[in-house]
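Visitor: I'd love a close look at one part of this structure, the place where the aromatic side chains come together. Could you walk me through that part and then show me how the rest fits around it?

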Amino acid sequence: MRLRSEFFCHTAFLYDLFPFHLFYFLEGRKFSVQGLLGKEMCSSSFVDGTMVIFRLAPQDYHRFHFPVSGILEQSVDIPGCLYTVNPIAVNSKYCNVFTENKRTVSIISTVDFGKVAFVAIGATMVGSINFIKKKGDYVKKGDEFGYFSFGGSTVICIFEKNSIAIDEDLLANSRRSLETLVSVGMRLGVSTKKLS
C-alpha cells in the first residue's frame with residue numbers, strides 16, 4: 001500500500017524512526033510525543049514511529065483528507081493558544097507551537113499501517129477546526145476529514161514503528177531543513193507492515 005499526500009501544502013517535513021519515547025527535536029526545540037498527543041491519546045505503539053508534518057500557509061488548500069483507510073477510533077480536543085505556525089514561530093525558542101496550540105488528536109486504525117495519529121493544529125486566525133467524520137466511521141483514503149477556517153495551520157501524522165518507509169528524496173530534504181511543496185496525490189512512502 002502506498003501513502004500518497006491528501007494535502008496541498010507549502011511544506012512537508014518527514015522524520016523517520018526518531019526516538020519519540022524521550023523527546024523529539026525540531027530545529028533545536030524539543031517536545032515529547034506525549035506532549036503533542038496528550039496523555040489520553042499517547043500510546044507506546046508510536047514509540048520510535050515516523051512523523052510527517054504538513055504546514056499549511058494561508059494561500060494553501062485548507063481542507064484535510066484522510067491519508068489512510070480505516071476506522072476513526074477516537075478524537076480528543078486539546079485546548080491551547082493560537083500562535084502562528086510560520087517557520088519563524090516554529091523555530092522560536094520561546095514557545096513550541098505544536099504542543100502549545102489548540103489541536104485535535106484523532107486515532108485511525110488501519111490494516112496497512114496499524115494505528116495512525118492525525119493531529120490537526122489550529123493557528124493564528126484558525127481558531128476553528130471543523131470535522132466532517134466522527135468516531136466509529138469507516139473512512140477511505142482521500143475522504144474529506146475536515147477543514148481549517150482561514151489562515152495558516154498544520155497537520156501532523158504519526159505512524160507506528162516499522163509501518164511505513166518514507167521516500168528517500170523527502171527524507172533528504174527534511175534532513176537539510178528544506179521545505180517540500182506537496183500536492184494531493186504525491187507519493188510520500190509505502191507501507192512496510194507485515195499482514196498476518
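Guide: Happy to! Let's begin with two phenylalanines: F66 is buried, and F145 is buried too. Please keep in mind as we go that this is a predicted model. The rings of F66 and F145 make a stacked aromatic pair, with 4.2 Å from centre to centre and 25° between the planes. F66 sits in the loop between β6 and β7 (70–78), while F145 belongs to strand β12, so this pair ties together parts that are 79 residues apart in sequence.

These two rings have company. F66 and F145 belong to one aromatic cluster together with F64, F118, F131 and F148. Across the structure, the count of aromatic pairs comes to eight. One of them joins F64 and F148, and this pair is tilted: the centres are 5.0 Å apart and the planes meet at 55°. Here F64 comes from strand β6 (residues 63–65) and F148 from strand β12, so the pair ties together parts 84 residues apart in sequence. How buried are these two rings? F64 has a relative accessible area of 0% and is buried. F148 is buried as well, with a relative accessible area of 4%. The cut-off for buried is under 20% relative accessible area, so F64 at 0% and F148 at 4% both qualify.

Now let's step back to the core. The largest nonpolar core has 25 residues, and F64, F118 and F148 are among those with the most contacts inside it. The others on that list are F54, I108, V155 and F159. Several elements each supply at least two residues of this core: β5 (50–56), β9 (115–121), β12 (144–148), β13 (153–159), β14 (164–166) and α4 (168–175). There is also a second, separate core of 21 residues, with L36, M41, F46 and M51 among its members.

From the nonpolar side, let's move on to the charged pairs. A search of the whole structure turns up three salt bridges. One runs between K115 and E73, whose closest N and O atoms are 2.6 Å apart. K115 is in strand β9 and E73 in strand β7, so to speak of distance along the chain, this pair links distant parts, 42 residues apart. K115 counts as partly exposed at 28% relative accessibility. E73 also counts as partly exposed, at 28%.

Another salt bridge joins R187 and D167, with 2.9 Å between the closest N and O atoms. R187 lies in strand β15 (residues 187–191) and D167 in the loop between β14 and α4, so the pair ties together parts that are 20 residues apart in sequence. R187 is partly exposed, with a relative accessible area of 31%. D167, at 13% relative accessibility, counts as buried.

The remaining bridge deserves a longer stop. K134 forms a salt bridge with D137, and their closest N and O atoms are 3.5 Å apart. K134 is exposed, with a relative accessible area of 57%, whereas D137 counts as buried at 19%. The limit for buried is under 20%, so D137 at 19% falls on the buried side. D137 lies in the loop between β10 (129–131) and β11. The side chain of D137 also meets the backbone of K134: a polar atom of that side chain lies 2.9 Å from the backbone nitrogen of K134. Leaving out residues up to four places away in sequence, D137 touches G70, I71 and L72.

Finally, a word on how confident the predictor is. The mean pLDDT of the chain is 76, and 72% of the residues reach 70 or more. Among the elements, strand β11 (residues 138–139) has the highest mean pLDDT, 96, and strand β3 (residues 24–26) the lowest, 44. Over residues 8–12 the pLDDT is below 50, and this stretch has 29 contacts in the model beyond near neighbours in sequence. Residues 16–28 also have pLDDT below 50, with 39 contacts in the model beyond near neighbours in sequence.

To come back to where we began: F66 and F145 are both buried, and they share one aromatic cluster with F64, F118, F131 and F148.

Terms used. Residues are numbered from 1 along each chain as its sequence is written. This is a predicted model: local features need pLDDT of at least 70, side-chain atom pairs count only at pLDDT 80 or more; totals for chains, interfaces and linings use all residues. Side-chain values use heavy atoms; hydrogens and water are left out. A nonpolar core is a set of buried Ala, Val, Leu, Ile, Met, Phe, Trp, Tyr and Cys residues joined through side-chain atoms within 4.5 Å. Buried means under 20% relative accessible area, exposed over 50%, partly exposed in between (1.4 Å probe, protein chains only). Helices (H or I, at least four residues) and strands (E, at least two) are DSSP runs, numbered from the N terminus. Rings of Phe, Tyr and Trp (its six-membered ring) pair if their centres lie within 6.5 Å; planes under 30 degrees apart count as stacked, over 60 as edge-to-face and the rest as tilted. A salt bridge is a side-chain nitrogen of Lys or Arg within 4 Å of a carboxyl oxygen of Asp or Glu. pLDDT is the predictor's confidence in each residue, from 0 to 100. Contact means heavy atoms within 4.5 Å. A polar contact is a pair of N or O atoms within 3.5 Å; within protein, one must be able to donate a hydrogen and the other to accept it, and residues adjacent in sequence count only if both atoms are side-chain atoms.
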